[in-house]
Every structure is written in structure tokens, then in C-alpha cells.
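Please look over the protein chain shown below before reading on. The briefing that follows takes up its overall build, its annotated regions, its two domains and its salt bridges.

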Amino acid sequence: MKKEKVRDRIIRVASDLFYKQGYNSTGINQIIAEADIAIGSLYNHFASKNDLLQAYLIKEEQNWFEGLEKSITSISDPKEKIEAIIDYRKKLQQSSKFSGCHFIKIVSETGDGNAAVSGFAKNHKEKQKIVINDIVKEYNELYQLSDPDLITENIFLLIEGAVVTSTITRKNDSFDQIKKIIQGLLP
């Protein structure tokens, strides 16, 4: 087994801490201690905690889209792809013990004070919407939809709402509910 690189370990430890206890509640000293590194090692890789936050967001986005791709890659039917996206988000909620979306959490914590972070999160959500829109376009080729852009927006909002709802209720029934709603949106 390959030994984990120091930079990767720092990002992994920081990611776990940022997600579990929050960015503002996570100190550099805690990251150094839990990554079992010297302070110089951290600063050799990251000039600041904010640089580490950027690396965290990039890594989370990469992991998110790799997981999504694995979930839908073998599916050809567009309706089944939409259901697979919902199942993927449901699985993410379960595996995180209903801790919610990394990107929503970090934006709610940093607010408008960090334009790079809020911009990154906004772009991440836009990329998700593009994936949904591409699938809706595939569906539209088979069944002429009245308003594919509106359907895309509705599916995106339903999924995001299900993530928030399941985070609050600590249950996943909202994902099953939105599958039924989406069945009504797609003929």
C-alpha cells in the first residue's frame, strides 16, 4: 500500500475537521496535531488556513463528481440517471450521518466574508445543475418536454431541498418523496 503524502494527509485531516466541527472552530494547531506533522510541514504546503480551505473545496468537489460519475456512468436511460443522482445524494447523506452538503456548510459559516469560497460553492452548484440539464436534454430528445430549463431547475431545487430536509430530520424519506414528484415532472 502506498504511503499517504504529507500534503494529502493535511488535506484529509483538515477536511474531516472542517466538515465535522466547522472551519471557524478548527485551528491550525489541531490540524497539525491530528495530521501528526510539524508546523513547518503545514506551511511548506499551505501559506494560510484559507489556502488549506481552498484545497479542501477542490478535493471535495473532485470526490463529489467522481462519485456522481460512478453512479450514472453505466446508465443509459435519462430518467434512471436522474434517479441515480437522487440515490447518490441519499447515499452521501447516509454516509455522512446526515451532516449535509460540504459546500452549503462552508458558505453558511464563512458567509460573504470570503468571496472565493462563496464563488466556488456557487460554481459547484452550477456544475451540478449542468449535469442535470444535460440529462434533461437527453430526456427531451425522447419526449418533447414543455420547458426543459424549468424542469432542470425544479429537479435541482428538489434535490437540494431533500439534502437540507434530511440533514434536519436525520432521515432519508425526502429523497423517496422527490422521486415521486419528479416522476410527475417527466412524462
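How many helices and how many strands does the protein chain have? The protein chain has nine helices and zero strands, where helices (H or I, at least four residues) and strands (E, at least two) are DSSP runs numbered from the N terminus. This is a predicted model, in which local features need pLDDT of at least 70 and side-chain atom pairs count only at pLDDT 80 or more, while totals for chains, interfaces and linings use all residues. Residues are numbered from 1 along each chain as its sequence is written, and side-chain values use heavy atoms, with hydrogens and water left out.

**Overall build**
- Read from the N terminus on, the elements follow the order α-α-α-α-α-α-α-α-α, and the C-alpha trace spans about 60 × 35 × 30 Å along its principal axes.

**Annotated regions**
- An unreviewed UniProt entry places the feature "domain: HTH tetR-type" at residues 4–64, in the numbering used here, with feature names shortened and with annotations that may be inferred rather than shown by experiment.
- Over residues 4–64 the chain is 77% helix and 0% strand, and the C-alpha atoms at the two ends are 20 Å apart.
- UniProt, again in an unreviewed entry, gives a "DNA-binding region" at residues 27–46; this span is 75% helix and 0% strand, with its end C-alpha atoms 14 Å apart.

**Two domains and their interface**
- The chain is divided into domain 1 (1–47) and domain 2 (57–185), with bounds that come from an automatic or database domain assignment, and the centres of the two, taken over C-alpha atoms, are separated by 28 Å.
- Seven residues of domain 1 are in contact (heavy atoms within 4.5 Å) with 11 residues of domain 2.
- Between them the two domains bury about 660 Å², 56% of it on carbon and sulfur atoms, buried area being the accessible area (1.4 Å probe) that two parts lose on being put together, summed over both.
- Of the area that domain 1 buries against domain 2, Y19, Y23 and N24 supply 77%, more than any other three residues.

**Salt bridges**
- A salt bridge is a side-chain nitrogen of Lys or Arg within 4 Å of a carboxyl oxygen of Asp or Glu, and by this rule the count comes to nine, although zero are found across the interface of domain 1 and domain 2.
- One salt bridge joins the side chains of E138 and K81 at 3.1 Å, N to O, and this pair links distant parts of the chain, with E138 in helix α7 (residues 115–142) and K81 in helix α5 (residues 78–95), 57 residues apart.
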